[in-house]
Amino acid sequence: MYIANISGYLVGGISGFILHTRYTFKVPTTARNGMIYYSIILVGFILNLIALKLCAPIVPLAAAQFISIAIFIAFSYTCQYYFFSKAK
């Protein structure tokens with residue numbers, strides 16, 4: 001469960017940084033923006049793991065994964081929008 005989760009975030013993090021900086025938020029792909037992006041992804045990943053650990057014992061695993069992914073997406077997009085909208 002956790003290996004697939006980590007693998008998905010590694011692949012998604014690399015492609016997401018390139019795609020979000022170039023197309024979604026249209027900001028330069030700089031080291032500073034990379035640090036911001038990966039900090040957001042790291043905190044989001046930790047939130048994801050916490051949500052997964054809390055939900056997995058009380059709901060079916062698929063539901064726990066859905067909830068934890070929804071939390072990650074909401075957190076990640078909100079933070080990226082906040083930081084990268086200012087970078088323009």
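**Notebook: a look through a predicted three-helix chain**

I started with burial: 31% of the 88 residues in the protein chain count as buried. A reminder to myself: this is a predicted model.

**Entry 1, overall layout.** I looked up the secondary structure and found three helices and zero strands. Reading along the sequence, I get the pattern α-α-α. I then boxed the C-alpha atoms along the principal axes, and they fill roughly 45 × 20 × 20 Å.

**Entry 2, surface and contacts.** I put the accessible surface of the protein chain at about 5700 Å². Carbon and sulfur atoms account for 77% of that surface. Next I took the contacts between residues at least 6 apart in sequence, and 68% of these join residues at least 24 apart.

**Entry 3, the core.** Which residues make up the largest nonpolar core? I count 12 residues in all: Y9, F17, F25, V27, I36, Y37, I40, I41, F45, F72, C79 and F84. I asked which elements give two or more residues to this core, and they are α1 (2-24), α2 (31-55) and α3 (61-86). The largest share, five residues, comes from α2.

I picked I40, one of the core residues, for a closer look. Leaving aside residues up to four places away in sequence, I40 touches F75, S76, C79, Q80 and F83. One of these partners, C79, is itself listed in the core.

**Entry 4, cysteines.** How many disulfides does a search of the whole structure find? The search came back with zero. I checked C55 and found it in no disulfide, with the nearest cysteine sulfur, that of C79, 19 Å away. The check from the other side agrees: C79 is in no disulfide either, and its nearest cysteine sulfur is that of C55, at 19 Å. The cut-off for a disulfide is 2.5 Å between the sulfur atoms, so a separation of 19 Å rules this pair out.

Are these two cysteines buried or exposed? C55 has 15% relative accessibility, so I noted C55 as buried. C79 comes to 18%, so C79 is buried as well. The limit I used for buried is under 20%.

**Entry 5, V11.** I wanted a residue from α1 to set beside these, and V11 is found in that helix. Is V11 buried or exposed? V11 counts as exposed because its relative accessibility is 58%, and the cut-off for exposed is over 50%. I also took the C-alpha to C-alpha distance from V11 to N48: the two are 16 Å apart in space and 37 residues apart in sequence.

How values were computed. Residues are numbered from 1 along each chain as its sequence is written. This is a predicted model: local features need pLDDT of at least 70, side-chain atom pairs count only at pLDDT 80 or more; totals for chains, interfaces and linings use all residues. Side-chain values use heavy atoms; hydrogens and water are left out. A nonpolar core is a set of buried Ala, Val, Leu, Ile, Met, Phe, Trp, Tyr and Cys residues joined through side-chain atoms within 4.5 Å. Buried means under 20% relative accessible area, exposed over 50%, partly exposed in between (1.4 Å probe, protein chains only). Helices (H or I, at least four residues) and strands (E, at least two) are DSSP runs, numbered from the N terminus. Contact means heavy atoms within 4.5 Å. Accessible areas come from the Shrake-Rupley method with a 1.4 Å probe; for residues, only the protein chains shown count as cover.
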